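Reader: I would like to learn how to read a model of two chains, going from the elements to the way they are put together. Could you take me through it feature by feature?

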Amino acid sequence: MAKTQRKSRGSAAASPKRPARPAITLRLDPEQYRRLELLARAENRSPTNYVETAVLRDMAAKEETSRAITMFVAADAAGLVPGPLVRTEGESDQRYAERSALTDKLFAIPDTD
Amino acid sequence: MIAEGAFVEVLVPTTEKPRQPGLAHICYCLAVRPPLVLVAYTTSAPWPPNTPLPLGVRLFNQREAIALNQRRAFRLHLNRQARMPLTKRWFPKLEAPDQGVIAMAPERLRQELYEMTLDLLRRHERTIELLGP
């Protein structure tokens, strides 16, 4: 059974640019820890990074359920204007026009912060 | 080639690094509007328990996955989209003959995913209205 305990990191560890990141202690049974190590190694991660990533993914999944569309916009795409839609092979004129209108709206969705 | 319906390898941005190339993932191409591409994310990672699947998620079982040249069952998140330039920075196999495309969705599937995307957009616009002034 995992237990967590809040613990503050010392102020000396805090970067002047980033606010201090609270640390937690995670207690696992030896067998659970061994499995965690194996899972982390399979993704070339440390056990700590694996747990952090799993928590972030879980939080993102819960947030995702409250949004219709989550949009990531690449940093190097921000200033680029989309050109005409590339037609799918065999696509009718009507479908092409409808899909153009759809993508006009999708390409206008701003980056989700 | 990379076009609507392509399942293609992309260095898809992640929640942790949302605006930079991330891990190699197979994405579904929704549209190409040069110089930009719009893709939706796929994953075979388990969905957290007790969390309802959002609208716009299409499950592909093992049989469907194999038909699309993938080894494992996966989920397509049409609700999780990314747009990026059509460059090698994002599409690492862009210069290969297949451009990193591992499969093309058949017409019926393309249409199904297109209609799901339309529904999602309608819901997105309603949400914006509700949250608006």
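Author: Let us start with what counts as an element: helices are DSSP runs of H or I with at least four residues, strands are DSSP runs of E with at least two, and both are numbered from the N terminus. With that in hand, one can say that Pro35(B) has its place in the loop between β2 and β3 (36–43) of chain B. Please keep in mind throughout that this is a predicted model.

Reader: Since the model is predicted, what are its ipTM and pTM scores, and where in chain B is confidence lowest and where highest?

Author: The model has an ipTM of 0.89 and a pTM of 0.75. For chain B the mean pLDDT is 90, and 95% of the residues score at least 70. Within that chain, helix α2 (residues 107–131) has the lowest confidence, with a mean of 86, whereas β6(B) has the highest, at 97.

Reader: You began with Pro35(B); what is the form of the peptide bond from Pro34(B) to Pro35(B), cis or trans?

Author: The bond is cis, with an omega near 5°. Backbone angles also draw attention to other loop residues of this chain: Asn69(B), which is not a glycine, has a positive phi of about 65°, and it lies in the loop between α1 (62–67) and β5 of chain B. Gln99(B), likewise a residue other than glycine, has a phi near 60°, and its place is in the loop between β5 and β6 of chain B.

Reader: Which of the exposure classes do Asn69(B) and Gln99(B) fall into, and why?

Author: The reasoning needs a cut-off, since a residue is exposed if 12 or fewer other C-beta atoms lie within 10 Å of its own, and buried if there are 20 or more. Asn69(B) is therefore exposed, because 12 other C-beta atoms lie within 10 Å. Gln99(B) has 16 C-beta neighbours inside 10 Å, so it counts as partly exposed.

Reader: How should I read the strands of chain B, beginning with β1(B): how many of its 7 residues are buried?

Author: In general, side chains in a regular strand alternate between the two faces of the sheet. Strand β1 (residues 6–12) of chain B is mostly covered, with 6 of its 7 residues buried. One of its pairings is with strand β2 (residues 23–33) of chain B, antiparallel and over 6 bridges, and there Val12(B) stands opposite Leu23(B). β1(B) is also joined to strand β6 (residues 101–104) of chain B by 3 bridges, again in the antiparallel sense, with Ala103(B) as the bridge partner of Phe7(B).

Reader: And what is the pattern of chain A, read along the sequence?

Author: Chain A has 3 helices and 3 strands, which follow one another as β-β-α-α-β-α. Of its 113 residues, 12% are buried. The domain assignment gives domain 1 (3–8 + 22–64) and domain 2 (75–108), and the centres of these two domains, taken over C-alpha atoms, are 40 Å apart.

Reader: How would you read a single helix of chain A, and how many residues of α1(A) are buried?

Author: An α-helix has 3.6 residues a turn, so residues three or four places apart point the same way. Helix α1 (residues 30–42) of chain A has 13 residues and reaches 19 Å from its first C-alpha to its last, close to the expected 18 Å. This helix is hardly covered, with a count of 0 buried residues, and it is followed by Asn44(A), whose phi is positive, near 55°.

Reader: Is Gly79(A), farther along in chain A, buried or exposed?

Author: Gly79(A) is exposed, because there are 6 other C-beta atoms within 10 Å. This glycine is found in the loop between β3 and α3 of chain A. Its C-alpha is 12 Å from that of Pro110(A), although the two are 31 residues apart in sequence.

Reader: Finally, how many residues of chain A are in contact with chain B, and which elements of chain A give two or more residues to that side?

Author: There are 30 residues of chain A in contact with 38 residues of chain B. On the side of chain A that touches chain B, α2 (47–64), β3 (70–73) and α3 (93–108) each give two or more residues. The residues of that side divide into 19 nonpolar, 5 polar and 6 charged. Strand pairing also crosses between the chains: β3(A) runs parallel to strand β5 (residues 74–85) of chain B and is joined to it by 4 bridges, with Phe72(A) having Ala82(B) as its bridge partner.

Technical notes
Residues are numbered from 1 along each chain as its sequence is written. Chains are lettered from A and ligands numbered from 1 in the order in which they are written. This is a predicted model: local features need pLDDT of at least 70, side-chain atom pairs count only at pLDDT 80 or more; totals for chains, interfaces and linings use all residues. Domain bounds come from an automatic or database domain assignment. Two residues are in contact if their C-beta atoms, placed from the backbone, lie within 7 Å. Ala, Val, Leu, Ile, Met, Phe, Trp, Tyr, Cys and Pro count as nonpolar, Asp, Glu, Lys and Arg as charged, and the others, Gly among them, as polar. Two strands pair if DSSP finds at least two bridges between them. The expected span of a helix is 1.5 Å times one less than its number of residues. pLDDT is the predictor's confidence in each residue, from 0 to 100.
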